[in-house]
Amino acid sequence: GRVDTGPYSNIIEVGWVKRWPDGKIEEGSYLCGIPEDFAAVEGTGAEHIHNISPEMVAGLPTFVRDEEKLVKLRDVLTGSVMVAHSARYETSQFKHNLPGFASMLDRGIVEVLDTQQVTRLFVPTTEANSNNHLVEAMGGVYEGAHRALEDAKMTLIALLTLKGVSQ
């Protein structure tokens, strides 16, 4: 839409589950504020999908203004494969809003895996290439959807199941 790309976007939630080869897991999430002028016109965007109200982020620093969280996210991404459904959207958001992210991609410090492509290629019998269809095709229950940490957890379990790796 008109407010979800480039300078017209605001990242309001970040969530991750990082899994190391030995099975160690780190997870985290946080909400971010939005500029008052944006909130006055758009609220938090697609609230009917992500269920994040303007009140939930009121008074929080915006994503681009919270240096501690930016440093943490770059640390989480370093040496990782960022998994996202429709990853083109996520990478464009981070390229615009996370200083250094484009360079991290260019230098191979972070790689990207698009679960939309995974679903299309490895689970072609699903009704659609949506994340919920991937999760459900792998025997999961798609609940708490469109919240960053819950989506990350469900997606990790689906990918591990697809690969035949026990959680």
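1. In this predicted model, Lys72 and Glu26 form a salt bridge in which the closest N and O atoms are 2.7 Å apart. The pair links distant parts of the chain, since Lys72 belongs to helix H4 (residues 67-77) and Glu26 to strand S2 (residues 25-31), with their positions 46 residues apart in numbering. Lys72 is partly exposed at a relative accessible area of 32%, and Glu26 also counts as partly exposed, at 22%.

2. A further salt bridge brings together the side chains of Lys153 and Glu27, at 3.5 Å from N to O. Here too distant parts of the chain are linked, with Lys153 in helix H9 (residues 148-163) and Glu27 in strand S2, 126 residues apart. Lys153 is partly exposed, with 28% relative accessibility, and Glu27 is partly exposed with a relative accessible area of 43%.

3. Glu67 pairs with Arg74 in a salt bridge whose closest N and O atoms lie 3.2 Å apart. Glu67 counts as partly exposed at 47% relative accessibility, whereas Arg74, with a relative accessible area of 18%, is buried because that value falls under 20%. Elsewhere, salt bridges with shared partners join Glu27, Glu150 and Lys153 into one network; in total, the structure holds six salt bridges.

4. Apart from the charged pairs, Val81, Val83 and Leu113 make a nonpolar surface patch of about 210 Å². Of these residues, Leu113 lies in strand S4 (residues 110-114) and is partly exposed, its relative accessible area being 31%. That value allows Leu113 to count towards the patch, because patch residues need over 30% relative accessible area.

Conventions:
Residues are numbered from 1 along each chain as its sequence is written. This is a predicted model: local features need pLDDT of at least 70, side-chain atom pairs count only at pLDDT 80 or more; totals for chains, interfaces and linings use all residues. Side-chain values use heavy atoms; hydrogens and water are left out. Patches are made of residues with over 30% relative accessible area and no salt bridge: like charges are joined within 9 Å, nonpolar side chains (Val, Leu, Ile, Met, Phe, Trp, Tyr) within 5 Å. Accessible areas come from the Shrake-Rupley method with a 1.4 Å probe; for residues, only the protein chains shown count as cover. A salt bridge is a side-chain nitrogen of Lys or Arg within 4 Å of a carboxyl oxygen of Asp or Glu. Helices (H or I, at least four residues) and strands (E, at least two) are DSSP runs, numbered from the N terminus. Buried means under 20% relative accessible area, exposed over 50%, partly exposed in between (1.4 Å probe, protein chains only).
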